[in-house]
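Colleague: I would like a close look at a single part of this model, taken slowly and with each term explained. Please begin with that part and then follow the chain elements around it.

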Amino acid sequence: MFSEDGSESEVVQGRRRSGYVALVGRPNAGKSTLLNKLVGEKIAAVSNKPQTTRHQIRGVITRPEGQIVMVDTPGVHQPGYLLNRRMMAAVHDAVEGVDLLLLIRDASVATGNGDRFVLDLVRQAGRPAILLLNKTDKLADKSALLPLMEWYGSEHEWRAVVPLSARKGDMLDMLVPEIIRNLPEGDPLFDEDELTDQPLRSLVSEIVREKILRTTGEEIPYVTAVVTERYEEVSEEMSRIFCAIYVE
C-alpha cells in the first residue's frame, strides 16, 4: 500500500479521527463484500448479479485510533430505466456528503468505458480519494496490477492506492488505518458498539433478498423487493419473521 507521495503509509498518532466514507465503483466491483468484511457482520446483500445494492447502506467500523462510517452505494452506471436513475441519484447524494471517497475497481477485468465513467464521478466530486484494486486473488500474475496503477495514477491524484481482496480479507488490516489517517479529527459519530444505522427490519429484508437472488436467480425476476412485515422475538434463541416478496 502506498500513500500519495509513494511512501508506505503510517498510522497517524494523536487525537482520534472520524468521518463519512463513500464506496463507489462499477456493479460487482465488491463494494458490499468489502463493507461486510470490514464491519464484521452481514449488513448488505451480496450476489453475482449487478445492482444488488439499490440504496445507501451505512456500516460503522470503530478502532482505537478512530471511527469510519462507510456508505455502500449502488454500482455506478449510466442510468436508463427509472430504477437505475434513482440508484444513481443515491450515489450522487452519497459522494456529496462524505469526507473521503473509496473508488473500488475489479482488478481482474479489462478497463472499459464504465471505469472511466466512475473515475469522472470521483473527479467531479472534488473529495479526497483512495483507489482500491480489488479481487487480486483472481490474478495469477500480480504484476498485472502495475499498468492499472500507472493508468489511474496518471488520471487522478490519489491519497493512496491499495491492492486487496475483499473476499479473502487480504490487506484489509492495512486499509483501515489508511482510511482513518485521511479523515478529519473528531469524536466518534456513533456508539462504539454500533455496526450500522440500518433498522433491524431493513437488515432482515437485505438478507432475504440476497438469498432470493442467489438461490432462485432463474425462477424469480431480478427486479425483486422484500419488505419485513413482522418481526417477533419468540425467545433468546429464536425469532419469527414474516416477509413479503414483490416481483415484477
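Modeller: A residue is called buried when its relative accessible area is under 20%, exposed when it is over 50%, and partly exposed in between, using a 1.4 Å probe and protein chains only. The model is predicted, so local features need a pLDDT of at least 70 and side-chain atom pairs count only at pLDDT 80 or more, while totals for chains, interfaces and linings use all residues. Residues are numbered from 1 along each chain as its sequence is written, and side-chain values use heavy atoms, with hydrogens and water left out.

The part I have chosen is helix H1, which covers residues 31-39. Helices (H or I, at least four residues) and strands (E, at least two) are DSSP runs, numbered from the N terminus. The protein chain has six helices and nine strands, and 47% of its 248 residues count as buried. In H1, the buried residues are Lys31, Ser32, Leu34, Leu35, Asn36, Leu38 and Val39. Because seven of the nine residues of H1 are buried, this helix is largely enclosed by the rest of the structure. Just after H1, Gly40 takes a positive phi of about 90 degrees.

What covers the buried residues of H1 includes strands E2 (17-24), E3 (57-63), E4 (66-72), E5 and E6, together with helix H5. Of these, let us begin with H5 (residues 172-181), which packs against H1 at an angle of about 85 degrees, with the axes 11 Å apart. The axes are lines fitted to C-alpha atoms, for helices over the stretch in contact, and the angles run from 0 to 180 degrees between N-to-C directions. H1 and H5 are therefore roughly perpendicular to each other (65 to 115 degrees; under 35 is roughly parallel, over 145 roughly antiparallel and the rest oblique). The contact, meaning heavy atoms within 4.5 Å, is made by Leu34, Lys37 and Leu38 of H1 and by Leu172, Leu175 and Val176 of H5. An α-helix has 3.6 residues a turn, so residues three or four places apart point the same way. The residues of the contact of H1 with H5 divide into five nonpolar, no polar and one charged, where Ala, Val, Leu, Ile, Met, Phe, Trp, Tyr, Cys and Pro count as nonpolar, Asp, Glu, Lys and Arg as charged, and the others, Gly among them, as polar.

Turning to the strands that cover H1, E3 and E4 pair in the antiparallel sense over seven bridges, and pairing requires that DSSP finds at least two bridges between two strands. E3 and E4 form a hairpin with two residues between them, and Gly59 stands opposite Met70 in E4. Five of the seven residues of E3 are buried, so E3 is largely enclosed by the rest of the structure.

Strand E6 (residues 129-134) is also largely enclosed, because six of its six residues are buried. Its two faces are covered, with Ala129, Leu131 and Leu133 buried on one side and Ile130, Leu132 and Asn134 buried on the other. E5 (residues 100-106) runs parallel to E6 and is joined to it by six bridges, and the bridge partner of Arg105 in E6 is Leu133. The chain crosses from E5 through helix H3 (residues 113-125) to E6 in a right-handed β-α-β crossover; right-handed means that, with the strands pointing away from the viewer, the path from the first strand over the helix to the second runs clockwise. E6 pairs in the parallel sense with strand E7 (residues 160-163) over four bridges, and in E7 the bridge partner of Leu133 is Pro163.

Finally, consider E2, where Gly19 has its place. At 2% relative accessibility, Gly19 counts as buried. Leaving out residues up to four places away in sequence, Gly19 touches Gln67, Ile68, Val69, Asp99, Leu183 and Leu189. The C-alpha atoms of Gly19 and Gly186 are separated by 7.9 Å, although these residues are 167 residues apart along the chain. Over the protein chain, among contacts between residues at least 6 apart in sequence, 69% join residues at least 24 apart.
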